[in-house]
Every structure is written in structure tokens, then in C-alpha cells.
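Q: Please take a close look at the sheet in this structure and at what packs around it. How are its strands arranged, and where do the nonpolar cores lie?

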Amino acid sequence: RDAAPDLFAPLSRRWLYNIPRSLKTEGVRPLAILSLLDHYTSLRNRLFKELSELIQQHEQDADCQQPLRIYLLSSLHGGTGSALLAEVGLMVRRILCELAYSDYRLCAIASAATTANNSTANLFSAAAIATLSELNYLMDRHSEIATLHSADRVYAVASHKPFDWVTLVEGGLHGHQGDIERATQQLANVAWIDAQSPLGIG
């Protein structure tokens with residue numbers, strides 16, 4: 001209630017009224033967008049600081065691969081990673097634009113799991129489908145990209161897609177602890193292998 005009137009404008013009132021009272025996403029993607037908007041300034045400041053330090057370290061280390069590679073790892077399911085993957089990618093793009101830094105590659109690596117046939121699992125499947133649909137649209141550099149937060153308008157990078165490429169890894173059975181651990185390791189392995197190759201695996 002104390003927020004600026006236009007802060008939550010990207011979310012329809014219908015979604016705001018349907019946010020779960022459990023304080024968990026429960027697979028509802030708009031709740032993650034709401035959280036991002038609510039914590040936008042602190043998140044952006046943290047990313048600005050970390051990216052500035054990363055660029056400085058990269059430029060000082062003669063053994064680093066060129067260009068600088070940045071990876072975003074996520075699951076396509078649930079209410080958080082699926083909803084924020086592209087938005088965080090665009091945020092990183094805008095910060096790097098603000099820093100006047102262009103010698104980098106930005107990659108998303110996401111796990112896609114098999115879901116059971118029940119109402120709860122259908123929500124996780126819907127999250128994955130929505131995420132892939134968003135990426136399909138946003139990865140076309142001719143697509144118009146609306147800014148989520150008013151502060152982004154200064155450094156809007158309308159001609160850039162959120163990632164240079166997206167890699168999907170097999171996530172096993174959704175909710176199975178062993179498969180979750182294997183998918184997490186696989187995400188890290190793909191990033192590590194790509195980082196070791198001058199050409200990458202994209």
C-alpha cells in the first residue's frame with residue numbers, strides 16, 4: 001500500500017487478488033513477478049555491484065576466456081525460476097548496457113522435467129509451457145520488449161533478446177528428489193563444460 005502507484009502496474013488486478021495466502025508461490029508465476037517488483041531496487045543494485053566486480057576481475061585476468069560468459073541457471077517449473085528467467089536476463093542486459101560493456105555472452109540453462117498426470121502437476125507443466133512461449137517470443141530480436149519496471153526505461157535494450165542462447169537439460173521426473181539432484185548437477189555441468197571451451201556448446 002505504501003508503494004508507488006505504478007509499481008505493480010504490469011500485474012493485472014485479477015492476479016493480485018488471486019495470489020495465495022500461504023506466502024509461497026504454489027506454482028503461481030505472477031507472485032514471483034510481484035516479488036521481483038517489490039524488491040526490484042535491492043536486486044538491481046546487487047546485480048550492478050556483482051557485475052561491475054566480475055567485469056573488473058575478467059579484464060585483469062589474462063587467462064580468462066573472451067568474451068566474458070554469464071550463465072543463468074533455472075528450472076522451467078514452479079512459480080519463481082519459470083517466471084523470472086527472461087526478466088532477470090533482460091535486467092542483466094540493461095545493467096551491462098548501463099556499464100557500457102558489450103564483450104560478453106549471456107546464456108540461460110534450464111531443466112525441463114516430466115510431470116505426473118494430476119492437477120498439481122498440470123500447474124508445473126503450464127509454467128514450463130508459459131516460460132518456453134515467452135522465450136520463443138523474446139528470443140526473436142525483432143519482437144517488441146516492454147519494460148517491467150519504470151526504471152528500466154532509461155536503459156531499455158529493445159533490440160536485444162534476453163539471452164544469446166538457451167540450453168535445456170533433462171530434469172527427470174518432477175518432484176523426485178534423486179532427479180532433482182541429478183538435474184541440478186547437470187545444470188552445473190553444462191555451464192562448466194561451456195566455460196572450458198573457446199567456442200562454447202551453444
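A: The sheet is described first, then the cores. This is a predicted model, in which local features need pLDDT of at least 70, side-chain atom pairs count only at pLDDT 80 or more, and totals for chains, interfaces and linings use all residues. Residues are numbered from 1 along each chain as its sequence is written, and side-chain values use heavy atoms, with hydrogens and water left out.

The open sheet has 3 strands in the order β1-β2-β3, with parallel pairing. Strands (E, at least two residues) and helices (H or I, at least four) are DSSP runs numbered from the N terminus, and two strands pair if DSSP finds at least two bridges between them. At the edges are β1 (68-75) and β3 (165-173), each pairing on one side only. Between β1 and β2 (residues 104-114) there are 8 bridges; Leu 72 has Ala 108 of β2 as its bridge partner. Helix α6 (residues 177-196) packs on the sheet and touches β1, β2 and β3; contact means heavy atoms within 4.5 Å.

The largest nonpolar core has 32 residues, and Ile 70, Leu 85, Leu 96, Leu 106 and Phe 163 have the most contacts inside it. Such a core is a set of buried Ala, Val, Leu, Ile, Met, Phe, Trp, Tyr and Cys residues joined through side-chain atoms within 4.5 Å, where buried means under 20% relative accessible area (1.4 Å probe, protein chains only). Its largest share, 9 residues, comes from α4. Another core, of 7 residues, lies apart from it and includes Cys 107, Trp 165, Val 169 and Val 190.

Technical notes. Axes are lines fitted to C-alpha atoms, for helices over the stretch in contact, and angles run from 0 to 180 degrees between N-to-C directions. Buried means under 20% relative accessible area, exposed over 50%, partly exposed in between (1.4 Å probe, protein chains only).
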